[in-house]
Amino acid sequence: SKMVDYFDISPCIVNVAAYYQDRFLGTDMGKAAQTNRAIYRIVSVTSLYIAIKLRVPQRWNITAHAFSQLCQGSVKGDDINDMEMNMLFALGWNVN
């Protein structure tokens with residue numbers, strides 16, 4: 001994506017984000033994102049946000065609201081925070 005290229009985010013981080021996203025979409029909580037483009041976008045952005053926070057915190061110490069601004073407001077910071085909690089619980093906090 002443009003954001004990944006612009007901010008020079010490692011392909012490894014993108015792979016981790018895709019893994020989180022895929023696992024979440026396979027859960028009961030992730031079913032809504034399978035048919036709703038707006039929710040899918042929030043899941044995608046949040047997956048990248050979680051991967052960055054966990055894998056390169058020293059480089060990207062950023063809040064959900066600041067991350068939202070980097071996404072040009074396509075997803076609200078509150079939506080990222082809410083989805084982060086939903087995803088972590090749906091994945092049983094198994095994100096390492």
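**Helix α5 and its salt bridge**

In this predicted model, the buried residues of α5 are covered by parts of the chain that include α2 (11–25), α3 and α4 (64–70). The buried positions of α5 are G77, I80, M83, E84, M87 and L88. When the helix is viewed down its axis, these buried residues fall within an arc of 135°, so they line one face of α5. A general property of helices is relevant to such a pattern: an α-helix has 3.6 residues a turn, so residues three or four places apart point the same way.

As for its dimensions, α5 contains 14 residues and spans 20 Å from its first C-alpha to its last, which is close to the 20 Å expected at 1.5 Å a residue. The helix is followed by G92, a residue whose phi is positive, with a value near 65°.

One of the buried residues of α5, E84, also takes part in a salt bridge, in which its side chain meets that of K53 at 2.8 Å, N to O. The structure holds one salt bridge. Because K53 lies in helix α3 (residues 37–55) whereas E84 lies in helix α5 (residues 77–90), the pair ties together parts that are 31 residues apart in sequence. The two partners can also be described by their accessibility: K53 is partly exposed, with a relative accessible area of 32%, while E84, at 9% relative accessibility, counts as buried, the cut-off for a buried residue being under 20%. Helix α3 thus appears twice in this description, as one of the elements that cover the buried residues of α5 and as the helix in which K53, the partner of E84, lies.

Technical notes:
Residues numbered from 1 in each chain as written. Predicted model: local features only at pLDDT ≥ 70, side-chain atom pairs only at ≥ 80, totals over all residues. Heavy atoms only, no water. Salt bridge = Lys/Arg side-chain N within 4 Å of Asp/Glu carboxyl O. Helix = DSSP H or I, 4+ residues; strand = E, 2+ residues; numbered from the N terminus. Buried < 20%, exposed > 50% of the residue type's maximum accessible area, 1.4 Å probe, protein only. Expected span 1.5 Å × (residues − 1). Arc of directions from axis to C-beta. Contact = heavy atoms within 4.5 Å.
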